[in-house]
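Biologist: I have a few questions about how the labels for this model were reached. Could you take me through the reasoning step by step?

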Amino acid sequence: MKSQQSVLEDSLKKFLIELPWRIGYKNFSLIHDVVFKGLYHAATLESLYLTELYPHMSLEELALLENYLFIHPDNLFEGEPFYRAKDSTTSQTRYYHEKGHACGHSFEKSEPVYQCDQCGYDNTCVLCVQCYNPDDHEGHDVRMYFSSGSNSGICDCGDVEAFKVALNCRTQISTDDDGDNNNGSAKKQIAEYEDWQLALKATIRIALDYFLDVLNGSVQKLPAMRNFVNDGHEEYGRTVSDISTLSSEKYGGGIDKNSHDLWYLVLWNDEHHDYTQATRTIRAASDRGHEKAKQLANTIDQIGYAVVNESSNYGKLVAQKAIAEPDGLVMTIVSARDFMREQICRSILEWIVEVTHHKNATFSNYAKKYLAELLLESPTPKLRSTLNTGMGIGKKLLYRNGMLYGDKFLNLTPTTAEVVDPSLNNTIKKYGSVIREDLNNLTYSRLQYFLAFQIRLSKKPRKLLNKAFIPVLISDPISKQMFCDQFVELYPLLLSTLAYSDIEEELNVTWDILIQVFTCPKSVLSIYKKNNVGVIIGPLAELIKNASSKWDFDIGHDIFINREQSMKKPQVDKPIIRAIKVGLQAIENLVDKLLDISMSKAFFEQHNLVFTLNYLLLFQEYWPLVRKWGEHVEIEVFDANVHAHYSLRVLRFVQQLVDSKTDDIELVKKAVSLIIDVLNDRNVPYLAPEIVEFKVSKEKVSFIHPIHSMLSLILEYYGIQNFISMFHKISKIYDILLRSIVLMSQIKVGFWIRNGTTVSYHAEAYVSYLKDLAYLRDVHLCQTALLVDNPAVVFLNIMERWELLDWYVNKKSYLETTYEDKFFYIAEKLVHFFYNLFANKDCFKGFSPKERQANLSKKMILYTLAGDPQSFSRLKHIMPLDDGDDLDSALLEYGDYHEPTGLTDSGKYLLKTKYLKELDPMSLYLDCTRHNDFDSISESLRKYYATKQGGIKEEKVILEPRLDFIEDSDINTRLGAFTRTKEFAKFIYKLLQLSIDNSNESYLPQLLHLIHAILIDDENINGKDHICEHYISIPICDLLLIIVESNMARTIIEKADYLVGILMKCNEVVENLVDCFGETHIVEYKKRKLEAMETNQEKRKRIAEQKKAKIMKKFAKQQQKFLSNANATSAAADTATEGVDDENETDNDHHCVFCSEPQSTGEPFGLMATISTASIFWKVPTDDNDRIRLAFEDFDNQNDIVREDQQLFGIGYNYLNGAKSYLNNQKVKGEVISICGHGLHYKCYIDHFNRSSFIVCPLCSCLHNFFIPTFVPPPRGAMILEEELNYPPIATRYNELLVDSGTLKSGKLMYNMIHGKYDSLSSRSELKDYKNFSHAFFKKATFRSYTRGNSQRDKAFNNLMNMTITLANTVRMAEITTRLEEEEGLYSFLDLIPTTTKTLLKSLIQFRAFAAEKIFDNETSEGLLFQIQDFWDGDVVDADVDDYHLDGVFNEVIVLFFQTDESWHTLKLVGYVKYLTIILTALLRRFLSFRGQYELICDHNKDMDTLDSGSRDFTSLRYLVRLILDSDYFQEAPRLAHYDDNEFWNRLYLAIERLMLPLLRQYVIFEDSLTTVYRGGSEHERLDKFSSLKSNMYSSTVRPDSIMELTKVLDLSTLSELMDKISNNYDTSFESKIFKVVLEAKLSRYEASGILTLEYPGVIRLIDIPKDYSKWINMYSETWNLLETKRDPEFYICLHCGHKMSQKELVKHSSVCVVPCVLFFPIQNTLFIDVRNSMGPLSECYAIPAPYLTKHGEVKSNSLSEKAYLNDYRYKYLSKLFLNQGLYALVSRGLFHMRGNNQVPVDLVDEFSDNWDEGSIDDDNDDDEAYVNQFLQ
Ligand SMILES: [Zn+2]
Ligand SMILES: [Zn+2]
Ligand SMILES: [Zn+2]
Ligand SMILES: [Zn+2]
Ligand SMILES: [Zn+2]
Ligand SMILES: [Zn+2]
């Protein structure tokens, strides 16, 4: 009797097995739903519990599920199936996963992924947006990126091995209200029902087993099977289909019927064919038209396959397949049943994904748990191959196709080795490797079957497999461990199927498992414990040997070939390349955690070492180079990446392996013995006994020898003395390395020029990023040779290897050597090599791995920093350190940090001076930096010592070689022994002689340094004053003396002289010299030398001099400090356009940028200028309370308002929706002019730009859209005397004043500001150019119409108005910009105005005067009276009122200044009174109309003491307020609640002052422009009263925003005096008349046009953004919900108005917001300057780096997880560019900088972004200077 459970199970099995024929083989569209329903039905105990999961499903639908017969077409439910129906009542549960389980969420495209440096074990440990909890990572280096979608991994949250600390997953916080419990408490949960659990588990098991059974039979697609079938066994395909029929016994009595009369021809996707090939094949295989074929090709690309033909006749399809297949595409013929079964499997997989991600979290957690359990256990019975073993598919093929052999998987890769005693002189070949035919102890779990069979699946299910299985398997540590173990068991087979049988290798899951599972220490540990090292290394070595290597006859073994480079059959190579990548990753994972788990010993064990060496042999001497002869190479194979891809990885592997030291020295000795055996196995031909015969310039040489590197590291770590006796014939070992060193030297001296640039990349890699593991190792083993071999023999071998032995033994002259005229260069390299053989003893110091790293990085940093200052990333790029932190601490110690100073540069490091003395100009570490060489280091050192030694001449400094001496004197002696051989002394002599004979100094400095080192080394070993005999017997000193008496470079002579001095201590040397030069000569020489030595007296004098120099230096320092402080302020001011003023400083007069001629009165001359619309003229809003408050806030407390909901960034000024009203005209825009300061002749402009509307300044690359004329000033300077600005009012009434059209003003201005010569221009021809010039300007600058007419006069009036208002706006712009400096800006605003602006204002005033006098001379004065009257007094009711009211009182005053004959003093008084009237009225209106505005405007903690005296009783203020409230303007006098409150008046007074502040500051700037003496160029001499304004303000005012000093300097009454004047003599005083007319006539008349608008008196700038960049990153995690539909993750922030928008909105936004718009793109830390709606040729969004910088002063890039903070300086700078219109200049300078010329840009965006990536635009000169200076301190 069967149990109820098994009856239920049988029904499910029957359902699955019979499904294909029950739905008639054809009804594919039904499969998905039918499978889902069937599985849900089974999993809920035949739907018993189904409504617990889907409470809202209809009873009708439930009833249809009564039994599995619902699959009958009549029983199908019409509506949306229950599992898909949108269920509005059961809201989706918030995403969560259980505590203690991994999240495993696999990332969808564009989903945020988080990574934390501090918390994660490595950079593969990532978190999903739901799990990421910002609180866990306070202050951490978190990086976020958007997932790319495919194969991008899963969330590791909850995986204890992924994170160093326990994280508080955000999904597990506050789960109290999660969906499980809150809706429908009656809901039953699976946890409470055992029968339900059983049903679920059984369902998953049966589904998986069915899936595996189907897969097991589905072999048609495998290459082995395809080849077999194509190879004359076509009929066998049919058999394969039949034998895969499932047994009814196993499937509960169900019957699996094959479809014998319906066959499909299926075309499969692969990674190797393209669309066209697929289309062609489809057309060949069927009679389909082109369109249909294309469609099918598309389908294949999407889902991985397509049925291209069908037939009831199997044979017919065979024939068609034969026609179509030659193109190489994979086609199979399958029965309809087989095809349908695969669809069923796919649906099963989809169902599994669904239930393991079910929104009922309890249910899904059970599903996950069961899935993991079932996958890790074996099915019963085990699977058997369905194929007949006798059919003739060999074992190798079965293995490579992942097929079963009987019920076993095979293993044909060596994975275990036999240990043989190395003392028996075995070499590696004799070890052999044992191959086991089956995989050792394979579990045969379901998972393993799936992994082995994955290549049989089509694209979609393969992807799903990854998503469905991996997350559940790694969700708890136990199953993760089992998963990993099972993966390793099968690894050889997986790698081999990937390489040989996978046609969609990108989808192979092996890679994902490697990355996600195989990276944790526990998994790796288990590999060592189970002795599985060979299982990981063996298959890779085997794979490379079989598929990616070439036998090399000379070398004697296979060497790796990079198949990516091979030109033939790239598509076939792809899976192999992929497999090699997987293999490399696997072995890297293996050693990566070695240090943590101290399993290092394992690698030295013989049976593992064999695998390692076998593998390394493949890279030993790989990628050899051969020197080309004859023609220059034509096509270069660009293989520069090969080192990064392979060499570095292989060498790193070696390093990591050796770095983990073991204490078992005997084991190490055995290992070394084996390594030496392997190395000695290399065939090397001999020229003479022990002299190897080889020509680097003719034969193959490689840079890479990992086994040598391994040996070198072992010798270094374990002490050379332990191994010396093991070397017998070391020449074989070190000769290979000498070749590489010589090769590098030959390439570097340009001897391989014919090979093209590729070889330089190799040589460069060898001494830079491979240096530590290649070059330094090679030198070390050469040094080892000196210890074990005869030094003279080694020397001769070296000479031969350098191809200089023939020259040395006098067989050939230097010109007859291989090098010919390059001899001198190669000799220099050789000298350098010899020097380091004994000078550098770092490898003998017994460093631990850590110390070695530290020493290396120190040396490399010192030598890199000794030259140019370097940025952090540049250093990081050169450094061999893995860990950024190590570099950080090293830099802190050795370098001085210099902050970035511009918008695009980066922070730089310079060597601390004290470390200079540790440098040697011939160090081995020198090569790593391209910039520094012997000369540059020598120079730095000479400078340093010259200063240190009391300012002696630099050339007198003798640089001592820095020789290392170590404790082991034996090594000290033996390393340098070769230098004391006769052979070597002779070598030195020959080189000296050659140099003298040819008067060639090229290698002499190095050679002398070498001799110096030899003498020191000798003294150290043989005692002081000892001189090696050979250096006496061979007359080296003679040659040195010749050099001393030659006219070679001073430094050479000094050094030679110094060496002669040392040598002459020996009498024999002196005798030799006498023999050679004659007695008298030597006596003379000695005498000269003695004289050079100082007498005592001289010494005292020198010391005195030194003291004096010291004092002078101190003094100079103070002076410099003073100067630099002084510069700081003016430098900050002069930043309108970067760097421009530097150029100006040397250029006192304007010179034309084209012809270089100075400006003269004879010819029109102009400044290049930009006329643009600035959106900076903010008003005090009426509806934005925060902004109103801020307008009156202290200047040092201007923090922008931050959004309540975001708490991240400011809301900005409301450009978009601000309410326009009678209190706020909303006019933020105004035309302004900015210049770069460079000028040119009108004539030259015409010549070069041909009247183009855009000009690029050839000096500074700024783009301009016009230029404004500037005039030679009168000889005494352009200025107006103060008296001329101060005369009493001419008009007595305000209205009379307005309509005055002056007759004298322009003439006066012209006289005072412009050279008299211009005045005499009168004829038409003389003025022609000026007129053209001016008219062009007016054409550009006509923005608005101020008249109604269209006559010449109207035009003239308009032009003058526009010009004047642009001038006024420009003054306002200058004033507003200085507010950025906050409180400081209040005091020193005049000083903050850049010289260029001063020049600009002067020129504009000149131009305005000139225009009125000379250009419009017919229309001005009385001529324009009508227009003037009409404008000021016309009937405004009908007209466009806007144009009749100017924006702001300042503009009005400036217009009147040029229009009338009234004095400046009168006009500024008029404006002062008028604005007071406006302010008072506006404030009162605000208080009375808007609740709370009084508090916003006046509620500040200021007390009465800070008011200016005389105002404190507020009598006049009260009087004026009374007047206003009683006036007609307020129809019915309202009552002020605060009338009697003294505090109210106090605060009102302060508010008035604040509002008056901008106007008065603008007055000051304009008046300063009028009165400053200007003689051209950049010199402006300001009046005393303005010069002392700053200090007066500092000393006299209590509040920085007080207007007291301003009124004083402007010669105006103080505010209280003014109010007194108005109220005391109301109706009679001039002031009161103005007040009255404004109040009674103007206010109501201009109310609609916004006369009551108040100018914004606070700081105007970009919005506030958070200091800490990670705030942006966290922002995503707080708003994202994985279960909700995705939204556009990429947003931009407008830095003007704070609007957050998607990319789509950008265009629209920039057209309504500020132009140019500055947008921040948080995720990439980039700014975009949107100039699309602005000036002509600039028409893009230009990217510049955002001001979030790392602590190294570099722009934080998205690929780095470094912390970054807002650089305030940079951000403020950006605000400044927004205010002073420098953004155009920034963009255009970036665009045109490199061009340097005046072309209009075409697609230069790339160039621009390249520039800032480098981070080093034109800062070279400054840096050089800074560098020099630091040595002088
Ligand atoms: Zn997660
Ligand atoms: Zn989590
Ligand atoms: Zn963290
Ligand atoms: Zn010129
Ligand atoms: Zn310029
Ligand atoms: Zn905006």
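Biologist: Why is C1244 called buried?

Modeller: Its relative accessible area is 5%, and buried means under 20%, so C1244 falls on the buried side. Do keep in mind that this is a predicted model.

Biologist: What does C1244 bind, and which residues join it?

Modeller: C1244 gives its SG atom to the zinc ion (ligand 4), together with C1152 (SG), C1155 (SG) and H1241 (ND1). The distances run from 2.1 to 2.3 Å, and a donor has to lie within 2.8 Å of the metal. In sequence these donors follow the spacing C-x2-C-x85-H-x2-C.

Biologist: Are H1241 and C1155 buried or partly exposed?

Modeller: H1241 has 2% relative accessibility, so it counts as buried. C1155 is at 29%, and the partly exposed class lies between 20% and 50%, so C1155 is partly exposed.

Biologist: What makes the site of the zinc ion (ligand 4) tetrahedral?

Modeller: The angles among its four donor atoms are 95 to 119 degrees. Tetrahedral requires all angles to lie between 85 and 135 degrees, so the arrangement earns that name. For reference, the ideal angle for four tetrahedral donors is 109.5 degrees.

Biologist: How do you know which geometry the zinc ion (ligand 5) has?

Modeller: By the angle test again. Its four donor atoms subtend 98 to 122 degrees, and the permitted range is 85 to 135 degrees, so the site is tetrahedral. The donors are C1236 (SG), H1238 (ND1), C1257 (SG) and C1260 (SG), at 1.9 to 2.3 Å, spaced C-x1-H-x18-C-x2-C along the chain.

Biologist: Why do you say that C1236 and C1257 tie parts together?

Modeller: C1236 sits in strand β16 (residues 1230–1241), while C1257 belongs to the loop between β17 (1255–1256) and β18 (1263–1264). The pair therefore links parts that are 21 residues apart in sequence. Both C1236 and C1257 are buried.

Biologist: How many disulfides are there?

Modeller: The count is zero; a pair of cysteine sulfur atoms would have to be within 2.5 Å.

Biologist: On to the helices. What makes α7 mostly covered?

Modeller: Six of the eight residues of α7 (residues 223–230) are buried, namely P223, A224, M225, R226, F228 and V229. They pack against α8 (236–243), α14 (395–400) and α18 (477–501). Just after α7, G232 has a positive phi of about 85 degrees.

Biologist: And against which helices do the buried residues of α53 pack?

Modeller: Against α51 (1282–1285), α54 (1316–1319), α58 (1395–1415), α60 (1449–1459) and α64 (1542–1571). The buried residues of α53 (residues 1305–1313) include K1305, L1309 and M1313.

Biologist: Why is R446 called buried?

Modeller: Its relative accessible area is 2%, and the cut-off is under 20%, so R446 is buried. R446 lies in helix α16 (residues 446–453).

Biologist: What makes the pairing of R446 and D209 a polar contact?

Modeller: Their side chains come to 2.7 Å, and the limit is within 3.5 Å. Beyond its neighbours within four places in sequence, R446 also touches other residues, among them R205, L374 and E377.

Biologist: Finally, what share of the whole chain is buried?

Modeller: 61% of the 1833 residues count as buried. The chain comes to 75 helices and 28 strands.

Definitions and conventions:
Residues are numbered from 1 along each chain as its sequence is written. Chains are lettered from A and ligands numbered from 1 in the order in which they are written. This is a predicted model: local features need pLDDT of at least 70, side-chain atom pairs count only at pLDDT 80 or more; totals for chains, interfaces and linings use all residues. Side-chain values use heavy atoms; hydrogens and water are left out. Donors are N, O and S atoms within 2.8 Å of the metal (3.2 Å for Na, K and Ca); water is not among the atoms, so sites may look incomplete. Four donors count as tetrahedral if all angles lie between 85 and 135 degrees; four count as square planar and six as octahedral if opposite donors are over 155 degrees apart and all others between 65 and 115; anything else is irregular. Buried means under 20% relative accessible area, exposed over 50%, partly exposed in between (1.4 Å probe, protein chains only). Helices (H or I, at least four residues) and strands (E, at least two) are DSSP runs, numbered from the N terminus. Contact means heavy atoms within 4.5 Å. A polar contact is a pair of N or O atoms within 3.5 Å; within protein, one must be able to donate a hydrogen and the other to accept it, and residues adjacent in sequence count only if both atoms are side-chain atoms.
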